[in-house]
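Me: Could you take a close look at one part of this model for me? I'd like the packing walked through in one go, informally.

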Amino acid sequence: MTYHPKSDFMRVMMERGFLADCTDYQGLDEAFAAGVVPGYIGFDATARSLHVGSLIQIMMLRWLQKTGGKPIVLMGGGTTKVGDPSFRADERPLLGPEQIDANIAGIREVFSHYVTFGDGPTDAIMANNSEWLDGLNYLDFLRDVGRHFSVNRMLAFESVKSRLDREQSLSFLEFNYMILQAYDFLELHRRHGCLLQMGGSDQWGNIVNGIDLTRRMLDDQVFGLTTPLLTTSDGRKMGKSQQGAIWLNAELLSPYEFWQFWRNTTDADVGRFLKLYTELPLEECERLGVLEGADINTAKIRLANEVTALLHGPDAAAAAEATAREVFERGGTGEELPTVELGAHEVVDGISVVQLIVRTGLAKSGKEAKRLIAEGGARMNDAALTDPGLVLDAGALAVPLKLSAGRKRHALVRLTD
């Protein structure tokens with residue numbers, strides 16, 4: 001469908017590549033033109049940080065605020081106790097209340113870098129669905145809410161159907177998730193006037209359920225908008241790397257490693273990622289995205305700087321770029337590199353270089369570290385590392401030791417008192 005939006009928010013969503021589908025393009029556009037639109041995205045509190053896989057949703061909430069809407073960050077304090085079955089092969093592990101609360105606090109810190117929280121008409125708020133889910137009376141809920149749901153229709157949703165087609169167990173606990181998520185939309189509409197739910201395209205069925213429930217119970221119109229499920233041009237799921245999740249938290253992933261993730265973007269993804277993950281003008285994104293050969297590295301550095309500055313601040317982005325230049329262009333040690341500190345007691349009898357490679361995260365196991373050395377991919381202080389049996393003593397670690405895996409992954413080892 002071709003629709004030419006009047007509102008800034010819908011124009012940004014369509015022009016920058018955020019939009020996969022919408023329940024009513026014109027109706028939502030008119031709502032934005034008429035006043036402040038509160039919109040929400042839900043996040044389960046399964047970890048103390050979100051990772052890059054959630055960044056497209058975070059940027060949507062940021063753009064919502066920048067274009068005059070009101071972002072609602074919904075934390076699944078209640079639904080995290082159940083688990084979202086969407087496109088998963090198994091159930092999520094269930095967490096206790098204290099861990100869930102700690103995770104919510106960590107996720108709020110992530111969002112503080114992207115949206116402004118407060119009490120103003122367009123200030124963001126963080127809601128927690130445990131406020132209305134924890135005290136539900138089961139019989140009342142079945143009578144008032146459950147009667148509006150068709151099991152036949154729920155079984156047809158792709159998130160459920162894919163599990164059943166693979167003959168994998170789908171517990172009644174998880175099956176209730178989509179009802180609870182629909183109820184979330186209803187409650188956010190009641191409490192905060194929320195008119196819009198956004199999410200990945202795998203959430204389409206859940207979003208439509210909430211719209212339908214709100215219409216049936218309150219006779220009100222609300223809207224849904226989904227983003228494409230984002231993968232890199234080589235088919236990898238966004239937010240993952242060979243080293244694990246790309247966390248939006250400096251304690252879990254250093255700003256330098258975060259910067260490097262974006263610097264290593266595949267050429268074909270640069271233009272698209274500039275539009276989605278930065279606020280550079282569209283013309284600049286398009287100009288940078290079509291650069292070729294060595295020039296595309298300029299665009300990748302710009303991408304890494306812009307995305308890192310949004311999360312960690314411009315100083316961290318500048319430090320990461322400076323470190324990269326020192327490491328790659330001048331062979332330096334780079335003070336901002338990921339660093340492992342060893343106590344003197346740990347090297348009394350020496351420590352093997354294989355152990356150090358694992359400790360720094362350059363390899364996941366001793367076996368992988370040995371293979372890296374055998375294949376010529378490991379370097380120590382920029383010199384080829386050939387002996388997997390090498391043991392280093394305190395003298396060898398008197399100055400910081402740089403270890404490298406390939407040309408792009410580096411770490412420091414320091415000896416402390």
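Which helices do the buried residues of H13 pack against?

Reply: Keep in mind that this is a predicted model. The buried residues of H13 pack against four partners: helix H3 (55-66), helix H12 (255-263), helix H14 (282-289) and helix H15 (296-312). H13 itself covers residues 270-277, and six of its eight residues are buried, so the rest of the structure largely encloses this helix. The buried ones are Val270, Gly271, Phe273, Leu274, Leu276 and Tyr277.

Tyr277 is worth a second look, since it also turns up in the core. The largest nonpolar core has 104 residues, and Tyr277 is among the four that touch the most other members, along with Phe111, Leu225 and Trp262. The helix giving this core its largest share is H10, with nine residues. There's also a second, separate core of 23 residues, including Val354, Ala363, Ala369 and Leu392. As background, nonpolar side chains in soluble globular proteins tend to be buried together.

Now for two of the partners of H13. H14 and H15 also pack on each other, at an angle of about 135° and with their axes 9 Å apart. That makes the pair oblique, because 135° falls outside the ranges for parallel, antiparallel and perpendicular. On the H14 side the contact uses Glu284, Leu288 and Gly289, and these meet Ile296, Ala299 and Arg302 of H15. Sorted by class, that contact has three nonpolar, one polar and two charged residues.

Over at H3, the loop that runs between strand S2 (38-43) and H3 holds Leu50. With a relative accessibility of 7%, Leu50 counts as buried, the cut-off being under 20%. Setting aside neighbours within four places in sequence, Leu50 is in contact with Phe43, Ile58, Ile107, Val110, Phe111, Trp247 and Leu248. Phe111 in that list is one of the core residues that touch the most other members. Leu50 and Glu30 are 20 residues apart in sequence, and their C-alpha atoms are 32 Å apart in space.

Back to H10, then. H10 (residues 177-192) packs with H11 (residues 204-218) at an angle of about 55°, with the axes 8 Å apart. That angle makes H10 oblique to H11, and H10 passes H11 in a right-handed crossing. Among the residues making the contact are Tyr177, Phe185 and Leu186 of H10, and Ile207, Leu213 and Met217 of H11. By class, the contact of H10 with H11 has eleven nonpolar, six polar and one charged residues.

Note on methods. Residues are numbered from 1 along each chain as its sequence is written. This is a predicted model: local features need pLDDT of at least 70, side-chain atom pairs count only at pLDDT 80 or more; totals for chains, interfaces and linings use all residues. Side-chain values use heavy atoms; hydrogens and water are left out. Axes are lines fitted to C-alpha atoms, for helices over the stretch in contact, and angles run from 0 to 180 degrees between N-to-C directions. Helices (H or I, at least four residues) and strands (E, at least two) are DSSP runs, numbered from the N terminus. Angles under 35 degrees count as roughly parallel, over 145 as roughly antiparallel, 65 to 115 as roughly perpendicular and the rest as oblique. A crossing is left-handed if the near helix is turned anticlockwise from the far one by less than a right angle, and right-handed if clockwise. Contact means heavy atoms within 4.5 Å. Ala, Val, Leu, Ile, Met, Phe, Trp, Tyr, Cys and Pro count as nonpolar, Asp, Glu, Lys and Arg as charged, and the others, Gly among them, as polar. A nonpolar core is a set of buried Ala, Val, Leu, Ile, Met, Phe, Trp, Tyr and Cys residues joined through side-chain atoms within 4.5 Å. Buried means under 20% relative accessible area, exposed over 50%, partly exposed in between (1.4 Å probe, protein chains only).
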